[in-house]
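Trainee: Could you take me through chain B on its own, and then show me how it meets its neighbour? I'd like a close look at that one part.

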Amino acid sequence: MRKILGRALISCFIILSSVGAQADLLQERILLTFIPNIQFAPFYVGIANGHFARQGFEVTLEHLQEPDVLDLVAAGQADFGIVSGEQVILARSKGRDVVYVYEWFQEYPVGIVMVGDNGAGDLENLTDMIVGIPGRFGASYSGLTTLLQSAGLSEDDIELNEIGFNAPDVFCLGAVDAAVVYVNNEPLQIRDRLAAGDCGDVRGITVVSVASQVDLVSNGLIVSADLAGRDPDKVQRLVSGFNSALKATISNPANAYLASGTFVETLPGEPEFLALLRELAAEQAAFLATNPTREQIAQSRSENFALLAGAPESDDLTQYEVLLRTIELWDADTLGHSDLSSWEAMSDTLRLMGLLSDDVPDLGASFSNQFVTGIRE
Amino acid sequence: MAEVGEKIDAKPGSRSSRNALLQLRQLSPLLSLVALLLLWQLITSAQIYPAFIVPPPAAVGEAFIEALQSGLLLKHLGVTLEEMFFGLILGLGIGLSIGYAIAKAPMLEYTLSPVIVAFQSTPIVAYAPLLVIWFGSGPTSKIVTTAVIVFFPSLVNTIVAVRAVSPNLRDLMTSLNATPWQSFRQLELPSALPVVLAGLKTSVTLAVIGAVVGEFVTQGSGLGYLVTSARNQYDTPLVIVTVLTMTAIALSLYSFVVLLEWRWLAWRRRSKR
Amino acid sequence: MKLSLRELVVDFKTPDAGRLPALGPISLEISPGEFLCIVGPSGCGKSTLIRTLAGLQPATSGSVAGDDLPITGPLSTLAIMFQDANLMPWRTVIDNIALPLELAGVDKARRHKAVNELLPQLHLQDFALSYPAELSGGMAQRVALGRVIVQRPRALLLDEPFGALDAMTREKISLELLDLWREHRQTVVMVTHDINEAVLMADRVVVMSSRPGQLVADIAIGLERPRAINMIYRETFLRLVREARAAIDLPDS
């Protein structure tokens, strides 16, 4: 009897202590935009593989409209959010004191997909084309404006059609000659359709990315200026955690894809594909232990993909490729670092769009590299 | 008319007190508005929320004047009003005529009710994007969303109103050899009017929702677009100005129907005394 | 107008497609200018008879005729007055009374003239522009009466016209009705459940049995005209009332 009681007490103690360990973690929600998607893989890796926990956070994710993310962070209702740089400039010009502390996307993800074989993609060809765009708002519209500007064109030179987020369908129907897209996503879908002969009269496509023309500031982590001043340590720890998760995602996409499965309901997750990925992820982990360079890691990503591409065609493969393409938009020598010039370019674009008045906002205060410099592994 | 009206009014001693009461009644809605404004001012003065979340009334006033002067507000207001106008005509037209037909032929109700109920129980916000695909991103889709949302209350009220026409009065009209048109014009119409007008009050306020839902889905123009666009530009005062403009439309249309009641249903007012 | 009922039978359809006999067979002749009252237990088909005469209820078999012409639908020479006043609440007194003229296409000036001439007789001259809801029950019934009179019908069909009124008002309006009738001498068929009222007003009282309603008595009222309220104390009056009451088959009461 006493023995049983003792065991019960011990197990109670174990349970309590493990709860205690959990309770040490700080509950923190990060506000994201759009919907759960493979492109948010670093967050899933961060949660699933303990990158946030090692910095003392238990992170939950929420998806909201971009202006809502920004306002909630600015108002102190949430500590961290992901928005694009243009939102930071616009919102700061309207009294929201937020700071961009980590540049997640090093390359602006927007581009334009045009009818025409590779090499025919000259932006001047856009003249008089019917161009599809989700709507006259957000990153797509800013991206298009920048592209037209860099080609010496304006919106009057093209015929702009608002088509929602349906670029692959509309493009393959032939209703538009070109479409503003996210370079890491829709072009892959259109290419798959081309390969399947399911894209109408279209025979070939060219993609021109905004990043190939101008360096615009893109998606990154924001906090309120108040939090940055009041509790810089907290910001520092979250930045460090995210940086570590992003790095892990970039260097082991197979593992990242596996980690994303529980967060993204729309991933097919076919058992065969996942089994293959598990092998790859384990091999990659061993490879990473040899301290490879950035170029070697990039090389390994393509090699691994070549291995997978031999497998039968599947939606998993397309989603995995989206991840690889997106990684290219993240990867840099110094992750998270932001350049003033990319902010200036974005602010010029916004002014061109009539969204920003002429008085120059203090772009230097829009972002800070302080936390990138202070990253603790 | 005046003499008899006077005669009935003239209950000694009650007139002045009734007038005072009437004045108070006219003022009381204004009082609640003033209270609301005060509360708003209080919240902003106490800085419970930052100004970009709840801007002070003065900032909203400024944004209103600015939007008025730049023509931005009137332009989008015009678009929304036009969509609402045609949507109301379409929705009311179909609602009233099908409602009348159903009231006259109960068989029709058995046939149509599953479709109508299904139509009504499906939230318009959910299928508004489909309407845009079917009717295009121009004004037509918004006219359709307005018509759809306006249709049901006018339908139901028409059915209820026409069915409620007194069977004894129908007998009377028959005994007087009234033609179908006379029965409609002299009996059904005036008898149904109070209920139909009550339904119209619901319909006109819903019409604003219909148009704005349509405008939310397809960006481009109208007050629904202006709200989204102001939101995307972090212009909270303009968001509030636009929302209040929608409120103003709904209130004006509602008041217009009240005015119609006042004119057309004078007998009810007299009868209530 | 002479009204005749020949072997009239009226059945109602029941929900289960059966037939419910409501009236008849019944044969009855009402002379021009005669004031006839019908009494009988409730549910005996009195109202059905009136509605059939008014052309609102088709005969199942047999026939009804006005001046030997079969009645198959409402006639403009035959006016019906219902149990309740049955006024249009959105019309003023004057417009309620004028309704039959309006439907007949009489212009506004002429119909108002006609109604204004009637109003004093109905004691409604002060309420021409009132709405029904502003009237007492008796006044509303006078308006309904006016709406019947204004048609200058050759026969009046009255279906318990004062049933909803209190006894005092009822007596008063009954006598007013007699005054109006003396002036125009239409044929009147009036349904009532009040035997005193029937005897006081009618030239002839017919008694109907319970459903399906058939004639069980036909009593000529020999009282002189004009009738007055004090006649109810006369021996002859009481005898006639007793006779009618005896004919009414009221096993329940």
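Mentor: Start with the contacts inside chain B of this predicted model: among those with a separation of 6 or more, 76% are between residues 24 or more positions apart. The chain doing this is built from 12 helices and zero strands, so reading along the sequence you just get α-α-α-α-α-α-α-α-α-α-α-α. Now look at the overall spread. Chain B has a radius of gyration of 23 Å, well over the 19 Å the globule rule gives for 273 residues, so chain B is more spread out than a compact globule. Its C-alpha atoms fill a box of roughly 70 × 60 × 30 Å along the principal axes. As for burial, 35% of the 273 residues of chain B count as buried.

Next, turn to the side facing chain C. Here 17 residues of chain B are in contact with 20 residues of chain C. On the chain B side, α1 (2-9), α8 (167-175), α9 (180-217) and α12 (266-272) each supply at least two residues. The largest share comes from α8(B), with six residues. By character, the chain B side divides into nine nonpolar, six polar and two charged residues.

How far can you lean on this? For the complex, the predictor gives an ipTM of 0.82 and a pTM of 0.77. The partner, chain C, has a mean pLDDT of 82, with 98% of its residues at 70 or more. Within chain C, confidence is highest in helix α2 (residues 93-103), at 90, and lowest in strand β10 (residues 215-220), at a mean of 79. As a rule of thumb, where pLDDT is low, don't read the predicted coordinates in detail.

Conventions. Residues are numbered from 1 along each chain as its sequence is written. Chains are lettered from A and ligands numbered from 1 in the order in which they are written. This is a predicted model: local features need pLDDT of at least 70, side-chain atom pairs count only at pLDDT 80 or more; totals for chains, interfaces and linings use all residues. Two residues are in contact if their C-beta atoms, placed from the backbone, lie within 7 Å. Helices (H or I, at least four residues) and strands (E, at least two) are DSSP runs, numbered from the N terminus. Ala, Val, Leu, Ile, Met, Phe, Trp, Tyr, Cys and Pro count as nonpolar, Asp, Glu, Lys and Arg as charged, and the others, Gly among them, as polar. pLDDT is the predictor's confidence in each residue, from 0 to 100. The radius of gyration is taken over C-alpha atoms; the globule rule is 2.2 Å times the number of residues to the power 0.38. A residue is buried if 20 or more other C-beta atoms lie within 10 Å of its own, exposed if 12 or fewer, and partly exposed in between; C-beta atoms are placed from the backbone.
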